Amino acid sequence: MTQSRRMLVLRAVVEDYIRSQEPVGSSAVARHHDLGVSSATIRNDMAALEDEGYLTQPHTSAGRIPTEKGYRYFVDRLATIAPISEAQRRGINSFLSGSVSLEDTLHRAARLLAQITGQVAVVASPSLSKSTLRHVEVVPVSMSALLAVVITDTGRVAQHLLAVNVMPHTDELARFCTRVNAVCDGQTLAQAARITRDMITDPQWQPMRQLAESLAGAFASMADDERTSELYMAGTSRLAHQRTLADLAPLFDALEEQVVLMKLMSALSEEAHENGVSVAIGSETHTPGLLHASVVTSGYGRIDTAAGEPDADGTAERPEGSEPVAFVGSIGPTHMDYATTMAAVRAVARYLTAFLAHDGPATHS
């Protein structure tokens, strides 16, 4: 569709339908939008848009509503996402900066995003498979077992029991841990697994062979286990006010399938556009329960110090080309307010990026 006027008519119909959730007629478009043409001309444009698959007419005498194709055209041409207001930014900082831990921050982020958008908010904890090792401590817990406490760059803490036939001497264990931390700091867990296994080729670490292999196995298991990410969800109760009963059952089923949601939203966050946000509409989600819903997602985390300065929103933006460690997103009806939802998702994602970069609650003035 290359006709500029038709594009303006389509945009007007989408905006009015999002606002009213009622079929939009040509006279309403002429009245509310200064397009410089008569309602008859607009009616002809709307008929052409219907023929081209951008609009549909639910009833013969009613106005028209956008199709999935129409929403996609509209979203793709939201060239810029308006930044959130100063009051909203202060509200986000105030609400999230009161958290006491990463888990608390993610819980708060989900509740806040649901409140802003009036939709379902989903926030994933940083994936261990995408994290890097910050510190590991190994302590005896019995005569034949040790506990490995692994801390990652995203603040995640994981524990693994390591079985050994012979308990290492305290001094040897301390020296081993010091060496592992020295050579594995800043490495991905998969890399840490390889490095730890390679240590046993050095004769001085041969007595620690069993422990090294067990610890390497723990690192590898954490790197491979996609289930180590947790989902924090809020706003599901709001669905009943927006959807028909027929739509609710498959949608709730989709929300229960957390592994499916994780894969969908993680993939979307990694394919985010220049504005840092990705949108899947209806069938684009490839999820039966989301055929009448849209998903807006942005990745967060993995920030370079040089690129981590606050931007116009007051929060740090993830560097272009860097892979996010997790995602934040919103799920709502296809007639959602895309501009508001995309801005809110991006703002919360940037806050979480800054939170991880600053090792805790961030303050942005």
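Reader: Which residues make the nonpolar surface patch of about 260 Å²?

Author: In this predicted model, that patch is made by Val 139, Val 141 and Leu 161.

Reader: Where does Val 141 lie, and is Val 141 buried or exposed or something in between?

Author: Val 141 lies in the loop between β4, which covers 133-140, and β5, which covers 145-152. Its relative accessibility is 47%, and Val 141 therefore counts as partly exposed.

Reader: How many residues does the hairpin from β4 to β5 pass through?

Author: The hairpin that joins β4 to β5 does so through 4 residues. The two strands run antiparallel and are joined by 7 bridges. Within that pairing, Val 139 of the patch stands opposite Leu 147 in β5, while Val 138 stands opposite Ala 148, also in β5.

Reader: What is the order of the strands in that sheet?

Author: The order is β4-β5-β6, an open sheet of 3 strands with antiparallel pairing. The edge positions are taken by β4 and by β6 (157-163), each of which has a single partner strand, so one side of each is left without a neighbour in the sheet. From one strand to the next, the twist averages 20 degrees.

Reader: Which helices lie across these strands?

Author: Helix α7, residues 170-184, lies across β4 and β5 and runs at about 165 degrees to β4. Helix α9, residues 209-224, lies across β4, β5 and β6, and its direction is at about 145 degrees to β6.

Reader: Changing topic to charges, how many salt bridges does a search of the whole structure find?

Author: The search finds 12 salt bridges. One of them is between the side chains of Asp 45 and Arg 5, which meet at 2.6 Å, N to O. Asp 45 belongs to helix α3 (residues 39-51) and Arg 5 to helix α1 (residues 4-20), so this pair ties together parts that are 40 residues apart in sequence.

Reader: Are Asp 45 and Arg 5 buried or exposed?

Author: Asp 45 is buried, its relative accessible area being 3%, whereas Arg 5 is partly exposed, with a value of 35%.

Reader: What about Arg 72, which residue does it form a salt bridge with?

Author: Arg 72 forms a salt bridge with Asp 76, and the closest N and O atoms are 2.8 Å apart. Both residues sit in helix α4 (residues 68-76), and because they are 4 residues apart there, about one helical turn separates them. Arg 72 counts as buried at 16% relative accessibility, while Asp 76 is partly exposed, with a relative accessible area of 40%.

Reader: And how are Asp 104 and Arg 108 separated in helix α6?

Author: They too are 4 residues apart, in helix α6 (residues 102-117), which means a separation of about one helical turn. Their side chains meet in a salt bridge at 3.2 Å, N to O, and Arg 108 counts as buried at 19% relative accessibility.

Reader: Which residues do salt bridges that share partners join into one network?

Author: Arg 5, Arg 6, Asp 45 and Glu 52 are joined into one network in that way.

Reader: Stepping back, how many helices and strands are there, and what share of the residues counts as buried?

Author: The protein has 12 helices and 10 strands, and 50% of its 365 residues count as buried. About 17300 Å² is exposed, of which carbon and sulfur atoms supply 50%. Of the contacts between residues at least 6 apart in sequence, 64% join residues at least 24 apart.

Conventions:
Residues numbered from 1 in each chain as written. Predicted model: local features only at pLDDT ≥ 70, side-chain atom pairs only at ≥ 80, totals over all residues. Heavy atoms only, no water. Buried < 20%, exposed > 50% of the residue type's maximum accessible area, 1.4 Å probe, protein only. Contact = heavy atoms within 4.5 Å. Areas by Shrake-Rupley, 256 points an atom, 1.4 Å probe, with all protein chains shown as cover. Patch = residues over 30% accessible without salt bridge, like charges linked within 9 Å, V, L, I, M, F, W, Y side chains within 5 Å. Salt bridge = Lys/Arg side-chain N within 4 Å of Asp/Glu carboxyl O. Pairing = 2+ DSSP bridges. Axes fitted to C-alpha atoms, helices over the stretch in contact; angles between N-to-C directions.
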